[in-house]
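Q: I would like a close look at the open and enclosed spaces of this model, taken together with the packing of the chain. Please take your time over it and keep to what the coordinates support.

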Amino acid sequence: MGTQIRSYTLAIGMAASVMAITACTPPPKETASGTKETPCLTASDCTSDALHVASPDWRDQIIYFLMIDRFNDGDPSNNDQGMGEYNPAKESHYSGGDIPGITEKLDYIQELGATSVWLTPPVANLWWSNESSYGGYHGYWARDFSKVDEHYGTLQDYQILSKSLHQRGMYLIQDIVVNHTAPYFGYRANANKEGNEQGKEYDPDDTAANFELFETGKFAAPEQAPFDKINRLDPEHEKAGIYHWTPSILDFDDKHQVTNYQLANLADINTENPEVITAFKEIYRDWIEKAGVDAYRVDTVKYVDHAFWNRFFHDDDGIYAHAKKLGKEDFLAFGEVYDVSKPFQDSGEKSLKSFYGSKDKPEFNSVIGFPLYNEIDRVFAEGKPPSYLAYRLEQHMQFPNPYIVPNFVDNHDVKRFLSSGSLPDFKQALSLIFTIPGIPVIYQGSEQAMRESRRAMFKGGYLAEQDHFDTQSEMFRFIQKLAEVRKANKVLSRGTLKVLHATDTGSGILAFRRQYQGDNVLVLMNTASHSTLVNHLASGFTSGMTPEILFKEGNVQVPLVSSGGTLNMVLPAKSIVVLKNSQQQENGDATEELSRQLSSRNDDITIVLDDNIDGEVFDRDIQISGSVTEPNVELLLILNGNLDRARKLQANSQGRFDFTLPVRNWGKNEYSLEVYAPELGVTSNRQIFTTLVTRPEVESSKQDPVNDDKGLNGLYQQPQHANSQRQMDILAVDAKAAGANLELVLTMQQISDVWGPSNGFDNVAFTIFFDFSTVTGARELPEIGGVMPNGLDWELGNVVYGWGNYLFGTNARNPSRQGERAGIAPKVSVDKENKQIRLLYQGEELGIPTWRGTNVYVTTWDISGEGTYRELGDKADAWQFGDSGTLNVKIMDDLLLSLE
């Protein structure tokens, strides 16, 4: 996808260019890892044809995804084309990356462990959109689908890249688009018409009415036939019907709008038109033939009718048939269908699976794993229960071929994982996609722990004061090791998958098994910020063996496997371990000691609770008693698997014990409980119960004026796109707290969800700061500017918007960077009818015993789908805020509430 607009909607992507080449055998070059490679550096080096190679087994691939403009600048002479489009200081402009820059860094990509390079569309783009105040540096605003953009290089440069990859045994994946060109035309509303919304000025019975071309001059229209027929007011263009003469989509649930209307003002191509179908088949056959492309990633798939995909790929002159003629028997085409599912639902998967087509009318052979991506973010970045992922993995395995579904953690169209999650969370997320079925995808900069979605990798590019190609960085080495483990163990790319355990009452254990041709691999992760007990896990390993450690993160000690093949161990906070069946005994004395503690169980010793509370709901303190068949033993009461905060109990001489479990926390909360005897390695049955507290200890409410969403100086203008209305205007904030839980209810003048946000609301971002009376924090507000009001300071922050939700502290903060991520986020629910957004903060995970005396400062602004605060300039435009003053603080409306 694509630009500054809601990433999942502005999935603007385009095509590429055409190329022919001879092959290359220059002198071998030694890489940083000491291996010998023979890269194709110039056309004159070529002596044999390496442009076309047979398709790989895609299950074995590891993809490195890069944005051409933001990866590396190999030829500075092509940066500035003289139209004001080049400005590395701005995210909206060209930054200087090009195709020669990619070829220059293939050693770096290969050393990371990647086997394929997926690049954004290399095609000639609209360099600058006056309508959107944004540039086509991303590649998804084609003005000519058949040639290379002048900023990126030449056809020959692209051919050299393709051949260089093939000589390394690597493959080229090109991003392509058929849904749209650039923001060339639209329909204008009557500015004097009260309450007008985009689309009301559009008359489907007279599509010439209020039609307007947005661009003038050199790039007023696409250059390539038939896509140059852009003017609805020209009879010849209207008759050709190359475009849908429609406004932007207003209702993403309306299938007609989705496939026929414009995606955020991008000129929507009429893909039902036979001339269009013929043109696109020719264009993308040429890219394969002339550039040696091995696979396509296809942009904005769901905005195109299904019949087109069937013909485009499967006609006798379609993409798959042509690829086979060139020896590419298994040409991969994976579609971008940005649909996700709510927890324990599968609507996203159903949508994605529809684009595989049917037996009679097949379409794609793969799709990108968006539902899994969204669940990865929920579980690892927001601290939701691993059971969410267990369900999602089961759904993932229902795809026609889950082993070639590209799986990712972040990309150019969504926020960086590290913008909301911590580094340990990030490592777990990446470990997951490397150990489950599917093709792992690494987005450029992930290996350098970047937090900004479209930051350049090269010095002088956007936000880059230095090069970011460090092969010794922590994350580079981490991903490199994951890639080595995956390549060395076919069970990870081909094996079956079975989830063995997933905590369902909060963060905790995710355990799954992979099996293939006698290999048995167990993957264990503890997503919690505390140690957690793994109790009697059915590992599938042989009793008495010590599994081989293929990979681990954290101080994980692996014991001997207990009788019956069960595994009993303690997983440290945020740890990861990948185990394989082996008879090796290589973990030393520490493992032997832990084995004695957790594996030498006496089957006659048991812990039994007197009352079964599994499934019960309690609104008052819980009295629990039980017995252990070993007298005077020390016990631990474990809630939600938290070993670090376990409560010590002592059995008496008869083995009896009892305790009271307080019920204090506001709202409805689910807990797990088990009683554990560390010396004996014995645990009671795990029971799950619910508490319900409806009477708050603290309650506070405050109203806010209507229509005061104009900045702290009252002079701000909001973005001018049609869907930006009154979503940033706070009307009231209500708070209720009891025990360690706090609920905030934000009542807004308007709530919208037109972009299909995963959190249920859009066109507003809340940045909320908490000031705890007993702690000294910071006054300055990072990234948004300004300071806390009334001389207060803050210790905890929360950012929540349509596609993101995270907490951060004051450590490692500076004015342009929020502090360390907490790895947990509040629960979000939306009552659109009553215009309310509810946030539930669970303080136990944060070490907050009470919210009494806390000051809460709520602010509004907006954040792009890529996770960055929208710009504030002198004048508002479609996606930028405006300020006629000099305040430069990113707060549209605010409210301060005290919890006394």
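What volume does the second largest pocket have?

A: In this predicted model, the second largest pocket has a volume of about 1,200 Å³. Its lining consists of 41 residues, and those that lie nearest the centre of the pocket are Tyr462, Leu463, Thr868, Tyr869 and Glu871. Sorted by class, the lining of this pocket holds 16 polar and 15 charged residues, together with 10 nonpolar ones.

Enclosed space can be considered next, since rolling a probe the size of a water molecule over the atoms shows where empty space is left. The count of cavities of 30 Å³ or more comes to one, and the largest cavity holds about 30 Å³ of space. The residues that line the largest cavity are Glu349, Gly369, Pro371, Leu372, Arg392, His396 and Phe399. Two elements, helix H11 (370-381) and helix H12 (387-396), each give two or more residues to this lining. By class, the lining of the largest cavity divides into three nonpolar, two polar and two charged residues.

For the packing of the chain, the largest nonpolar core is a suitable place to begin. It has 211 residues, and Phe280, Tyr284 and Trp309 are the ones that touch the most other members. Helix H7 gives the most to this core, with nine residues, while a second, separate core of 28 residues includes Val663, Val675, Ala677 and Val693.

Helix H7 itself runs over residues 274-291, and its 18 residues reach 26 Å from the first C-alpha to the last, close to the 26 Å expected at 1.5 Å a residue. Ahead of the helix, Asn273 caps the N-terminal end of H7, with a side-chain oxygen 2.8 Å from the backbone nitrogen of Glu275; just after the helix, Gly292 takes a positive phi of about 70°. The buried residues of H7 include Val276, Phe280, Ile283, Tyr284, Trp287, Ile288 and Ala291, and also the charged side chains of Lys281 and Arg285. When reading such a list, it helps to recall that an α-helix has 3.6 residues a turn, so residues three or four places apart point the same way.

A last detail concerns a polar residue, Gln836, which is found in strand S41 (residues 836-842). Gln836 counts as buried because its relative accessible area of 18% falls under the 20% cut-off. The side chain of Gln836 is joined to that of Thr747 by a polar contact of 3.3 Å.

Key
Residues are numbered from 1 along each chain as its sequence is written. This is a predicted model: local features need pLDDT of at least 70, side-chain atom pairs count only at pLDDT 80 or more; totals for chains, interfaces and linings use all residues. Side-chain values use heavy atoms; hydrogens and water are left out. On a 1 Å grid over the protein atoms alone, a cavity is a set of points where a 1.4 Å probe fits but cannot get out, and a pocket is an open set with protein on both sides within 12 Å along at least five of seven lines; lining residues have an atom within 4 Å of a point. Grid points are joined across faces, edges and corners, and a volume is the space filled by probe spheres set on the points. Helices (H or I, at least four residues) and strands (E, at least two) are DSSP runs, numbered from the N terminus. The expected span of a helix is 1.5 Å times one less than its number of residues. Buried means under 20% relative accessible area, exposed over 50%, partly exposed in between (1.4 Å probe, protein chains only). A polar contact is a pair of N or O atoms within 3.5 Å; within protein, one must be able to donate a hydrogen and the other to accept it, and residues adjacent in sequence count only if both atoms are side-chain atoms. A nonpolar core is a set of buried Ala, Val, Leu, Ile, Met, Phe, Trp, Tyr and Cys residues joined through side-chain atoms within 4.5 Å.
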